[in-house]
Amino acid sequence: MKGGALRLVLGDQLSEGLSALEGLDVARDVVLMLEVREECTYVPHHPQKIVLILSAMRHFAAALRARGVTVDYVALDDPANTHSFTSEVVRAVARHKPQGVIATQPGEWRVLEAMRGWEDSLGLPVDIRDDTRFLASLAFFRRWAQGKKALRMEFFYREMRRATGLLMDGDAPEGGEWNYDSENRKRLPRDLIPPPPRRFPPDDTTREVMALVGREFPRHFGSLDGFAWPVTAEQAQAALDAFITQRLPRFGDYQDAMAEGEPTLFHALISTSLNLGLLDPRAACDAAEAAWRRGDAPLNAVEGFIRQILGWREYVRGLYWLRMPGYAKLNALEANRALPEFYWTAKSGMRCMDAAIGQTRDLAYAHHIQRLMVTGNFSLLAGVAPAAINEWYLAVYADAYEWVELPNTHGMAIHADGGVMASKPYAASGAYINRMSDHCGKCRFDVKASTGEGACPFNYLYWDFIARHARRFASNPRMSMPLANLRKMEGAKLKAMRAQAKAFLDQHAPLP
């Protein structure tokens with residue numbers, strides 16, 4: 001194999017069409033794949049997330065070998081493993097003596113920074129290629145963003161619809177509207193039971209990885225019981241097919257709903273496969289559009305699904321690479337509180353929080369409204385430090401990689417970017433959660449009370465948040481209503497709510 005290229009494939013780059021594999025010479029090139037402890041522990045990743053990535057990597061390596069490709073695979077428990085990308089690439093270069101190293105741009109800034117130093121340290125050319133698996137190139141996003149004061153997803157989404165032709169009738173959107181989000185906010189009826197998502201029982205490879213992860217990371221938050229994520233491209237396609245036929249028709253109506261005992265509702269659960277590279281985003285969008293054109297799914301459902309991929313997913317990636325590394329350091333609301341201990345225990349007493357955190361522990365999954373309007377909303381109201389809540393989201397969800405997690409958390413959930421992404425903070429009291437879920441009726445806290453024993457913490461935390469930032473939000477027209485209501489509020493009531501907010505947060509502060 002001497003004299004060929006060393007081609008690096010990272011754990012979230014498991015795509016046959018990966019740019020690092022373009023022009024692969026089966027006779028001379030070596031594909032390098034690495035399981036390193038550094039990547040499992042820079043945040044304490046959920047065990048299911050680690051199993052998902054490592055199992056998918058091993059399946060992908062087996063598929064490459066079946067094609068006759070030489071794969072140099074360094075396993076986590078290899079005694080010679082140095083457990084960092086850089087040092088393992090150095091060792092692989094010594095083993096294979098390639099003419100150069102070829103890689104695809106990684107999804108995290110810190111990894112790219114390390115890669116940029118490889119050429120000097122290795123004394124070899126290092127070709128870091130664009131990641132072409134997305135529907136918008138980074139150059140496309142930069143051109144769209146150039147000169148704009150506000151980078152709103154909705155307008156980027158419209159450009160993407162025009163560029164791809166998805167759900168378009170000539171130059172106009174199908175149905176006459178770009179966005180049907182207003183139709184997608186229904187509460188789940190009591191007598192409607194969503195069909196279960198497609199599950200994939202672990203095979204021998206996955207069970208071997210589960211045992212390894214259980215031994216190596218016993219203290220990481222999360223359960224391995226019931227692991228059933230897709231770990232191959234074939235399984236990812238089967239998961240998409242099952243969603244399109246069984247759950248897409250009602251996805252739109254209930255995509256913002258929350259319900260006791262229904263963690264997945266009508267959601268697709270394909271973000272893990274998309275973000276690993278097992279599923280092509282254009283293929284997912286095409287499948288949904290085809291269902292609408294056949295009459296198998298309504299337009300509001302299909303548009304909502306496509307917007308999540310073509311709009312949000314592409315938008316947050318573009319924003320991440322446009323604004324990093326400074327974006328991660330922003331803290332526009334000067335939040336500095338430690339993450340409450342119940343983000344790890346699911347024992348806050350708030351039924352909505354404990355349901356979202358409990359299912360996160362069990363499944364490494366919670367849908368976007370649970371992340372934004374429950375756990376994210378709470379951290380916003382409480383003033384949790386951005387680094388703390390960002391680390392939590394990155395650690396606990398199976399689909400979380402920094403390029404997608406950071407903008408969603410920093411910009412949408414906690415408004416740490418000061419309005420780069422959203423024109424106002426997504427702050428809400430208990431009334432929102434009561435409207436979109438059935439949690440409040442069974443909660444020990446009273447969603448209609450804002451002070452006193454048994455009052456819903458979201459209520460007094462909301463008004464404490466508004467009061468704390470009243471001056472900051474005074475010039476924001478979208479915050480005029482809550483600020484007007486704050487001015488009308490009796491001073492004694494506001495004082496009582498703010499005191500109760502402090503007492504609650506102090507009670508749930510993590511142990512030193």
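This passage describes several helices and a few backbone features of a predicted model.

Helix α7, which comprises residues 153-164, approaches helix α13, residues 299-323, such that their axes come within 9 Å and cross at roughly 105 degrees. With that crossing angle, α7 is roughly perpendicular to α13. On the α7 side the contact is formed by Met153, Glu154, Phe156, Tyr157, Met160, Arg161 and Thr164, and these meet Glu303, Arg307, Leu310, Gly311, Trp312, Glu314 and Tyr315 of α13. Sorted by class, the residues in this contact of α7 with α13 are seven nonpolar, two polar and five charged.

The length of α7 agrees with expectation, because its twelve residues, at 1.5 Å a residue, should span 16 Å, and its end C-alpha atoms are indeed 16 Å apart. The buried residues in α7 are Met153, Glu154, Phe156, Tyr157, Met160, Arg161 and Thr164. They occupy an arc of only 155 degrees around the axis, and therefore lie on the same side of α7. Such a pattern can be read against the geometry of an α-helix, which has 3.6 residues a turn, so that residues three or four places apart point the same way. The cover over the buried residues of α7 includes α6 (138-145), β6 (168-169), β7 (172-173) and α12 (281-293), as well as α13. Following α7 is glycine 165, with a positive phi near 80 degrees.

Helix α18, residues 402-413, is mostly covered, with eleven of its twelve residues buried. Among them are Trp403, Val404, Leu406, Pro407, His410, Met412 and Ala413, together with the charged residues Glu402 and Glu405. The elements against which the buried residues of α18 pack are α4 (109-115), α11 (271-276), α13, α16 and α17 (386-396). Just after α18, a positive phi of about 55 degrees is found at histidine 415.

Within helix α16, which covers residues 368-382, lies leucine 372. Leucine 372 has a relative accessible area of 14%, and since this is under 20% the residue counts as buried. When its neighbours within four places in sequence are left aside, the contacts of leucine 372 are Asn377, Met412, Ala413 and Tyr426. Of these contacts, Met412 and Ala413 are also buried residues of α18. Between leucine 372 and asparagine 331 there are 18 Å in space, C-alpha to C-alpha, and the two are 41 residues apart in sequence.

In helix α22, residues 480-488, the buried residues are Pro482, Leu483 and Leu486. Viewed down the axis of α22, these fall within an arc of 100 degrees, so they line one face of the helix. Met481, Arg487 and Lys488, on the other side of α22, are exposed. The packing partners of the buried residues of α22 are α20 (457-468), α21 (470-473) and α23 (491-507).

The backbone also shows features that depart from the usual pattern, in which most residues other than glycine have a negative phi and most peptide bonds are trans. The peptide bond from methionine 324 to proline 325 is cis, its omega being near 5 degrees, and proline 325 is placed in the loop between α13 and α14 (342-345). Histidine 83, in the loop between β3 (70-74) and α3 (85-96), has a positive phi near 70 degrees. Lysine 97, which belongs to the loop between α3 and β4 (100-104), likewise has a positive phi, near 50 degrees.

Key: Residues numbered from 1 in each chain as written. Predicted model: local features only at pLDDT ≥ 70, side-chain atom pairs only at ≥ 80, totals over all residues. Heavy atoms only, no water. Axes fitted to C-alpha atoms, helices over the stretch in contact; angles between N-to-C directions. Helix = DSSP H or I, 4+ residues; strand = E, 2+ residues; numbered from the N terminus. Parallel < 35°, antiparallel > 145°, perpendicular 65-115°, else oblique. Contact = heavy atoms within 4.5 Å. Expected span 1.5 Å × (residues − 1). Buried < 20%, exposed > 50% of the residue type's maximum accessible area, 1.4 Å probe, protein only. Arc of directions from axis to C-beta.
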